[in-house]
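Hi everyone, thanks for coming. Please have a look at the model on the screen, and then I'll walk you through a few of its features.

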Amino acid sequence: MSSPKFDSIEDSIAAFKNGDFIVVLDSADRENEGDLLIAAQDLTTEKMAFMVRYTSGLICTPLSPALISKFALPQMVVNNQEPHATAFTVSVDARDPTVTTGISAYDRAVTARRLADPASTADSFRSPGHMFPLRAVDGGVKVRRGHTEAAIEFAKLSGKNEAVAICELVKEDDGLMMRRDECLAFGAKWGLKVCTIEALVDYLEKEQK
């Protein structure tokens with residue numbers, strides 16, 4: 001049997017547009033990690049449960065700068081010392097009568113969908129919470145080749161709202177990060193498209209010529 005290979009960006013966009021998870025890897029000289037991505041508007045309770053089971057469990061939600069401003073989400077810290085300057089805002093839960101503690105798969109799925117809902121406002125959320133919005137940089141992956149920016153690029157390319165749920169894939173046996181081969185095997189096992197940020201950058205450069 002041949003080894004799994006990376007999928008095309010076109011196929012990854014189609015899967016994302018269809019409401020499926022995709023796996024996106026950054027470069028080996030950066031985080032060297034694979035993230036599970038899905039449009040926040042497509043995140044059901046069942047999909048959130050799957051995400052929590054196979055990732056580190058700290059579900060983040062990349063948002064466009066416009067949405068960060070709309071929801072009045074301040075940065076988590078003034079002096080960001082995270083190695084790759086990932087732009088965490090304060091954490092949030094949906095201000096919804098069905099949301100209880102905020103941590104269950106149901107509660108977090110509701111919060112994710114609220115972040116993607118055009119009708120949501122700053123008053124739709126309370127802080128602190130159990131979902132972690134991330135501010136994507138203007139210019140996307142051509143400026144910063146991170147999972148945050150890749151997530152928003154996929155949202156744009158698929159016509160989705162610019163709010164995405166992401167989390168790092170981890171191995172079931174020891175909880176360490178999945179790397180290239182493990183991510184490819186995970187994608188093959190679950191029928192998910194697997195691609196790289198480098199390929200996404202190449203795709204965007206060709207499309208914009």
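Let's start with a term: buried means under 20% relative accessible area, exposed means over 50%, and partly exposed lies in between, using a 1.4 Å probe and protein chains only. Take Glu 182 as a first case: its relative accessibility is 31%, so Glu 182 counts as partly exposed.

Before we go further, a word on where this comes from. This is a predicted model, in which local features need pLDDT of at least 70 and side-chain atom pairs count only at pLDDT 80 or more, while totals for chains, interfaces and linings use all residues. Residues are numbered from 1 along each chain as its sequence is written, and side-chain values use heavy atoms, with hydrogens and water left out.

Now, the salt bridges. Side chains of opposite charge can pair when their charged atoms come close. Here, a salt bridge is a side-chain nitrogen of Lys or Arg within 4 Å of a carboxyl oxygen of Asp or Glu. How many salt bridges does this rule give? The count is six.

Back to Glu 182, then. Its side chain meets that of Lys 171 in a salt bridge, at 4.0 Å from N to O. This pair links distant parts of the chain, eleven residues apart: Lys 171 is in the loop between strand 6 (164-168) and helix 6 (180-190), and Glu 182 is in helix 6. When I say helix or strand, I mean DSSP runs numbered from the N terminus: H or I with at least four residues for helices, and E with at least two for strands. Lys 171 has 23% relative accessibility, so it counts as partly exposed. There is also a network of salt bridges here, linking Lys 171, Asp 174 and Glu 182.

Beside Glu 182 in the numbering, you can find Asp 181, whose side chain forms a salt bridge with that of Arg 180 at 2.8 Å, N to O. Asp 181 counts as exposed because its relative accessibility is 54%, while Arg 180, at 44%, counts as partly exposed.

Next, please find Arg 114. Which residue forms a salt bridge with Arg 114? That is Asp 96, and the closest N and O atoms are 2.3 Å apart. Arg 114 sits in helix 4 (residues 105-116) and Asp 96 in the loop between strand 4 (92-94) and helix 4, so this pair, 18 residues apart, links distant parts of the chain. Is Asp 96 buried or exposed? With 11% relative accessibility, Asp 96 counts as buried, whereas Arg 114, at 26%, counts as partly exposed.

Let's stay with helix 4 and look at how helices pack. Helix 2 (residues 45-54) packs against helix 4 at an angle of about 110°, and their axes are 8 Å apart. Axes here are lines fitted to C-alpha atoms, for helices over the stretch in contact, and angles run from 0 to 180 degrees between N-to-C directions. Angles under 35 degrees count as roughly parallel, over 145 as roughly antiparallel, 65 to 115 as roughly perpendicular, and the rest as oblique. Helix 2 is therefore roughly perpendicular to helix 4.

Which residues touch? Contact means heavy atoms within 4.5 Å. On helix 2, the contact is made by Thr 45, Met 48, Ala 49 and Val 52, and on helix 4 by Ala 105, Tyr 106, Arg 108, Ala 109 and Arg 113.

A second helix pair is helix 1 (residues 9-17) with helix 5 (residues 147-157): their axes come within 9 Å and cross at roughly 75°. These two helices are therefore roughly perpendicular as well. Helix 1 brings Ile 9, Ser 12, Ile 13 and Phe 16 to the contact, and helix 5 brings Phe 154, Ala 155 and Leu 157.

On to the strands, which pair if DSSP finds at least two bridges between them. Strand 3 (residues 60-63) and strand 5 (residues 125-135) pair in the parallel sense over four bridges, and Thr 61 has Pro 133 of strand 5 as its bridge partner. Strand 4 pairs with strand 5 in the antiparallel sense over three bridges. There, the bridge partner of Asp 93 is Arg 126 in strand 5.

Finally, some backbone details. Strand 5 also holds Pro 128, and the peptide bond from Ser 127 to Pro 128 is cis, with omega near 0°. Ala 72 has a positive phi of about 55° although it is not a glycine.
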